[in-house]
Amino acid sequence: MERSTLKRTSSFPDIEAVQGCSTLNLLPKAGSRSTLKRTSSIPDFEPVKSLRSTLILQPKAGSPLLMLIAEEYGCRIYNPEDGRVYEPKSDFSGYRFLGSSGKWFLVVDSRMKLYIIDVFSEKRIDLPPLESFKGSHFKIWREGEENVKHMVMDDEDPFCDEFPHAAEDLRGRLWVDDKNGNYVVVWQFEMYPFLGFCRTGDDHYREIPTELEVQRELRGLNDMVLKGYNLYVYATREFIRHLDLSGQDEDGFKDVSEKHRLPMWMPSMTMKERERMKQKRSIPSNKGIAVTRAGQVLVVFTYDLGTSESHRMFHLYKRDPKDLDPKTLDTRLLEVHSLGDEALFYDLGITVPADHTLGIEPNSIYFTRDDRICHNKLSCLDIGVFNLATKTVKRFHGLSNFNFNDAQWFLPS
């Protein structure tokens, strides 16, 4: 696989080199370059001049990077290995970043057009327009330059409500095959009862209902993870809906969900655990799902810790294998105390092998926000690496000097 390159320039100094400066802000790009280059708003102090170079940084395939997204200036890329921020080759201002796979990102622009972009080059894949959506329950059409609408198709009610959508309403997942470039895209208008998806070569989106004609236990969507052609949906009643999107039939997907009688319930806390949570001022923040390399679905509970310096606490749970036994009545989840030699990237919803040479720490959770698919009323961007063994959070304190609205971990291939 060809390795991506980034170009570093010295206009953005090391934090340590300019400790006398109080703020470091993202600035617009001065022009298009062929690589990723370092940027800064710092004056040309003498310590900064010594950092100027044409050194080319080649990020290791699979090494974690942070996409920093600012509404006004587009995006920058932070490399935790050297603590530096780099500027992409192309101008990505005006895009909303929905999800990633390798070096590829699923984005939407202000005109509600979807693309897959390579953040290390000028490669872009134009996806079908949203109004190409084909389904048996819902219809989508364009309304002006920057909006689309949808409605339920009901022959008995010709005056069905119409629901307008802007780019801020879209949520999405992306998977790209590193070997052949084939891709799958899944998107949703947040809080509405259907998904759209397409695969390589499709000229339209197919419909996946999340309410209509769906088994009662599997209805709704609290979170979703796309891993290859497998889509995992965390349903409202806390069951897991597993869909195979590789099918070539008319619907394009097949429900391969395990048949559980009862939902994924939290285990009861002991009095000692409750007291400890109270002392830490733990407030339940969100719950979502992640999928391990072996295909096991984990439920991820996030807690805010009030005034604690760690700010964030995670608990992982999995189903007990005996839940598939029809005689089982108690379906309490089992807590997962260790990920072993794997790390969880919560933005992607997957685990990957730990590798110190790549900077991937074992038994850790890389996080930015815990409401990537279904937003909380009080949405919080919080960047760090949580160690499951020590219950501590590693921070990247240099990032506090930047102005950005969102961030996502990604693993360039």
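**Exercise 1. In which loop is K391 found?** Work out its position, then look at its backbone and exposure.

*Solution.* This is a predicted model, so let us go through it step by step.
- Step 1: K391 sits in the loop that links β29 (384–387) and β30 (392–394).
- Step 2: K391 is not a glycine, yet its phi is positive, at about 60°.
- Step 3: Partly exposed covers the range between under 20% and over 50% relative accessible area. With 30% relative accessibility, K391 counts as partly exposed.

**Exercise 2. Is E238 buried or exposed?** Find its loop and its phi as well.

*Solution.*
- Step 1: Look between β19 and β20 (240–244); E238 belongs to that loop.
- Step 2: Phi of E238 is near 70°, a positive value in a residue other than glycine.
- Step 3: Buried means under 20% relative accessible area. E238 has 15%, so it is buried.

**Exercise 3. Describe the surroundings of strand β14.**

*Solution.*
- Step 1: Start with burial. β14 spans residues 170–176, and 7 of its 7 residues are buried.
- Step 2: Split the strand by face. One side carries L170, G172, L174 and V176, the other R171, R173 and W175, and both faces are covered.
- Step 3: Find the neighbour. β14 runs antiparallel to β15 (residues 183–189), joined by 7 bridges. R173 has V186 of β15 as its bridge partner.
- Step 4: Check the turn. The hairpin has 6 residues between its strands, and G181 takes a positive phi near 80°.

**Exercise 4. Why is one side of β18 and of β21 left without a neighbour in the sheet?**

*Solution.*
- Step 1: Lay out the open sheet of 4 strands in the order β18-β19-β20-β21, with antiparallel pairing.
- Step 2: β18 (223–227) and β21 (254–255) are at the edges with a single partner strand each, so one side of each has no neighbour in the sheet.
- Step 3: For β18, 5 bridges lead to β19 (residues 230–234). Across this pair, K227 stands opposite N230.

**Exercise 5. Which residues have the most contacts inside the largest nonpolar core?**

*Solution.*
- Step 1: The largest nonpolar core has 50 residues, and L316, F345 and L399 have the most contacts inside it.
- Step 2: Strand β23 (residues 297–304) supplies the largest share, 6 residues.
- Step 3: Domain 1 (94–261) and domain 2 (262–400) each give at least three residues to this core.
- Step 4: Leaving out residues up to four places away in sequence, L399 touches L66, L68, Y78, I383 and F404.
- Step 5: Apart from this core lies another one of 24 residues, including L98, L114, V148 and A167.

Terms used:
Residues are numbered from 1 along each chain as its sequence is written. This is a predicted model: local features need pLDDT of at least 70, side-chain atom pairs count only at pLDDT 80 or more; totals for chains, interfaces and linings use all residues. Side-chain values use heavy atoms; hydrogens and water are left out. Buried means under 20% relative accessible area, exposed over 50%, partly exposed in between (1.4 Å probe, protein chains only). Helices (H or I, at least four residues) and strands (E, at least two) are DSSP runs, numbered from the N terminus. Two strands pair if DSSP finds at least two bridges between them. A nonpolar core is a set of buried Ala, Val, Leu, Ile, Met, Phe, Trp, Tyr and Cys residues joined through side-chain atoms within 4.5 Å. Domain bounds come from an automatic or database domain assignment. Contact means heavy atoms within 4.5 Å.
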